[in-house]
Amino acid sequence: MNMLIYLIPVALFLGGLGLGAFLWSLKNGQYDDLDGAAWRIMDDGDDRPG
Amino acid sequence: MTCCAPGSEGQVVGSAPSSEELMLASRDLGEGRRQIDLSVPGVHCGACITSIEKALKSLGSVDRARVNLSTRRVSIVWRQVVDQILVDPAEFIDAIAEATGYEAYLFDMSLDDGDRLQRELVRAVAVCGFAAANIMLLSVSVWSGADAATRDMFHWISALIAAPALIYGGRFFYVSAWSVLKRGRTNMDVPIALAITLSYAVSLWETMHHGEHAWFDATVSLLFFLLIGRTLDHIMRDRARAAISGLARLSPRGAMVVAADGSREYRPVEDVRPGDRVAVALGERIPVDGVVEIGASDLDVSIVTGESLPQAVVVGDAVHAGTLNLTGPLVILVRAAAKDSFLAEVIALMEVAEGAKAGYRRLADRAAQYYSPAVHLLALTAFFSWGFAGGDWKRAMLIAISVLIITCPCALGLAVPVVQVVAAGRLFKNGIMVKDGSAMERLAQADSVLFDKTGTLTLGRPRIVNGADIPSPVLGLAAGLAAFSRHPLSRAICWVASGPFPVFDDVVEIPGSGLEGRRPDGMYRLGNRRFACGDENSPGDADLEVVLARDGHEIVRIRFEDALRRDAVATIAALQNDGMALGLVSGDRPGPVKALATDLGIAAWQAATSPKGKADYCASLFAAGHRVLMVGDGINDAPALAAAHVSMAPATAADIGRQAADFVFMHESLRAVTLAIEVSRRAGRLIRQNFALAIGYNVIAVPIALCGYATPLIAAVAMSTSSIIVVVNALRLNRQRAEPLMSDAATILPDPAKQVRAA
């Protein structure tokens, strides 16, 4: 029982971290051009997102 | 990667926007920098991205160039002044055309609002997914035996996680449910809103009283699945809309107004008043309706009226907005403001036609119409019968809620959008864009097809018929003259002839007649017979033919025909095999229309039809009980496209035609029509299967809930399983492969095999 006091907040925090990362990447426009991203990964010259 | 470059220079869609137009459309970012977003509908692979970005960045003025392959757009940030010289944005378009051969266009930024809603929906899905996953973990612990204080704590934590998710993700359903309830009706969102609210409230009450069961997990995962369906539905509509509005704009957004003192000013087209004088250069589209005041020219009116031959205009003739000025500069006296033009008339006709069509209700809505009252009734019955029978009103409430949760249209909510998104994705890969899901439902019902001629069955672009009979030096002579003109017949000659061409001096273009040029051995003329040979008795420009003459003596006669769209013959045959009734309506003259109808074997044809006539014809077919698919491209087709049960337009269509159409196809091939019909029908079948699955699930699950055996675990498992089954079934659409269309994007090359006499 006692360890739950730590484990549950830790689990929620980690999940929240993932959620935050997703929302950040969404806001950052990383899902704006999924088709293009698939091609760009093969282009050596392009290393600049956004 | 050679998929892009070759041949794409053949794509002739109106004229590129002018520098003034581009400046008008760009945004000022401050510090002397501007940004413009251009639409390049031809972009379709990695090589295109690289070559466009490289070409733009190699221009000294460009700070940033980024191609978005999903929306087929390029956004360019550039410095306005480089080395004290003002940068001309038209050079970006030239650079793109040079690097890839694709044309770039402006598009309407005002249509971008849908993007915001999409992001909100995706965010809501993410939040609800996070909440659902965490609550489910806690619930599993409860189900596996946590009890007393631990269970209470888990329930409390679940409640804390669920509350914000419910508000954040549920608002879409609450708002929608409230707006229909206000008007005294119900839709699918009402039982959803009711179920999630009630189940949350009761779960909270249970938690406070140390109850054994709570429904937080079911509440949130229900919301999660429904939001996925909602998001998919929205993304599909939005993506198609962005792609459609991103294509060529055929109505100019500004006009060069000439003031009384001769000064010129470029103004947005809305600010042009009747009485203004507007200068229209060669190759520009006429921005407003008016009368020619100075000059003479030939106009390409095919996109406006469907007439395939260029029309000669002289001083005093009326001209319509949207027509392309081919052979001479004009000054036009504006007769009507943009909002009162011919185009505005067509838009008014379209609105009338769309109003008549609005009766169609989407399949999901029709299902909801019966489903949601039934669900409410069922839950209410369960509540009262358990209450009166057992006397335990709390238990009755719990059972009523589990009925609501189990019957909640989770699978139904996914059944339609998932199939439609998969189908739209498949069509998109084949160059067909779908405006919304109901378009596919309507296309599956179509039993007759109505075609427009110019630009739809034919490409509206003339090709030489007797090229093989003409010696190549003679053709070279003609091409040497034709190179000076933008007239479609001249371009067709240049297209066929191989250089180098002989050089002419003093070439002049006489609008409505042809070209005249001098060489040491005499005066050459290329144009209609009356002009070239000085023969006053000849019928003039009634035929698609051009005569090359030296000093009034005919050297050669070049005949033309309108090139048939690729696979037109095969498509017509396939449609006839399918039992579809076919028809042809065109604004063109009866001669060419009849010839084409006979060649293709279409019995029902109408020529010289006005926009209103086309729309009326559609309406009369509809009144006779036919579900009409209209395929057309011009401004004059727009009312008919709106009036038809479902409609399709090629990407080269006029702006307004594309907006009116439910489907837009990018490729030259007409096989898009049969492919769209086939995929739509299959999607319709899968949707019906999904409905059957969802209803079958309810038939099993509802009695369990009614009998009071639906613990939260059973509700959650049943709901997820039904959703997953529905999704998996929808994905079957991808597995069965239809024959793919060719992958050469928007390239339009003349096809030597199939052509048809146009005159």
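A salt bridge is a side-chain nitrogen of Lys or Arg within 4 Å of a carboxyl oxygen of Asp or Glu. The exercises below concern a predicted model.

**Exercise 1. The interface of chain A and chain B**

Determine which residues form the salt bridge across the interface, and describe the contact around it.

Solution.
1. Across the interface of chain A and chain B, the rule finds one salt bridge.
2. Its partners are Arg40(A) and Glu53(B), whose closest N and O atoms are 3.0 Å apart. The cut-off is 4 Å, so the pair qualifies.
3. To the contact, chain A contributes 25 residues and chain B contributes 28 residues.
4. The size of an interface is often given as the accessible area lost when the parts come together. Between chain A and chain B, about 2,200 Å² is buried, and carbon and sulfur atoms give 62% of this area.

**Exercise 2. A sheet of four strands**

State the order of the strands in the four-stranded sheet of chain B, and identify its edge strands.

Solution.
1. The order is E1-E2-E4-E3 (chain B), in an open sheet with antiparallel pairing.
2. Strand E1 (27–30) and strand E3 (62–68) of chain B are the edge strands, each pairing on one side only.
3. On average, neighbouring strands of this sheet are turned by 20° against each other, direction ignored.
4. Three bridges join E1(B) to strand E2 (residues 33–39) of chain B in the antiparallel sense. Here Arg27(B) stands opposite Gln35(B) in E2(B).
5. Helix H2 (residues 46–57) of chain B packs on the sheet and touches E3 and strand E4 (73–79) of chain B. The direction of H2 makes about 165° with that of E3(B).

**Exercise 3. A sheet of three strands**

Explain why one side of strand E12 and of strand E14 of chain B is left without a neighbour in the sheet.

Solution.
1. The open sheet has the order E12-E11-E14 (chain B), and its pairing is antiparallel.
2. Strand E12 (311–313) and strand E14 (324–325) of chain B stand at the edges with a single partner strand each, so one side of each has no neighbour in the sheet.
3. Strand E11 (residues 297–300) of chain B pairs with E12(B) over three bridges in the antiparallel sense. The bridge partner of Leu299(B) in E12(B) is Gln311(B).

**Exercise 4. Two helices in contact**

Describe how helix H13 and helix H23 of chain B cross.

Solution.
1. The axes of H13 (residues 437–445) and H23 (residues 671–706) of chain B come within 8 Å and cross at roughly 105°.
2. H13(B) is therefore roughly perpendicular to H23(B).
3. In H13(B), Met440(B), Leu443(B) and Ala444(B) meet Ala676(B), Ile677(B), Ser680(B) and Arg681(B) in H23(B).
4. The residues of this contact comprise five nonpolar, one polar and one charged.

Definitions and conventions:
Residues are numbered from 1 along each chain as its sequence is written. Chains are lettered from A and ligands numbered from 1 in the order in which they are written. This is a predicted model: local features need pLDDT of at least 70, side-chain atom pairs count only at pLDDT 80 or more; totals for chains, interfaces and linings use all residues. Side-chain values use heavy atoms; hydrogens and water are left out. Two strands pair if DSSP finds at least two bridges between them. Axes are lines fitted to C-alpha atoms, for helices over the stretch in contact, and angles run from 0 to 180 degrees between N-to-C directions. Angles under 35 degrees count as roughly parallel, over 145 as roughly antiparallel, 65 to 115 as roughly perpendicular and the rest as oblique. Contact means heavy atoms within 4.5 Å. Ala, Val, Leu, Ile, Met, Phe, Trp, Tyr, Cys and Pro count as nonpolar, Asp, Glu, Lys and Arg as charged, and the others, Gly among them, as polar. Buried area is the accessible area (1.4 Å probe) that two parts lose on being put together, summed over both.
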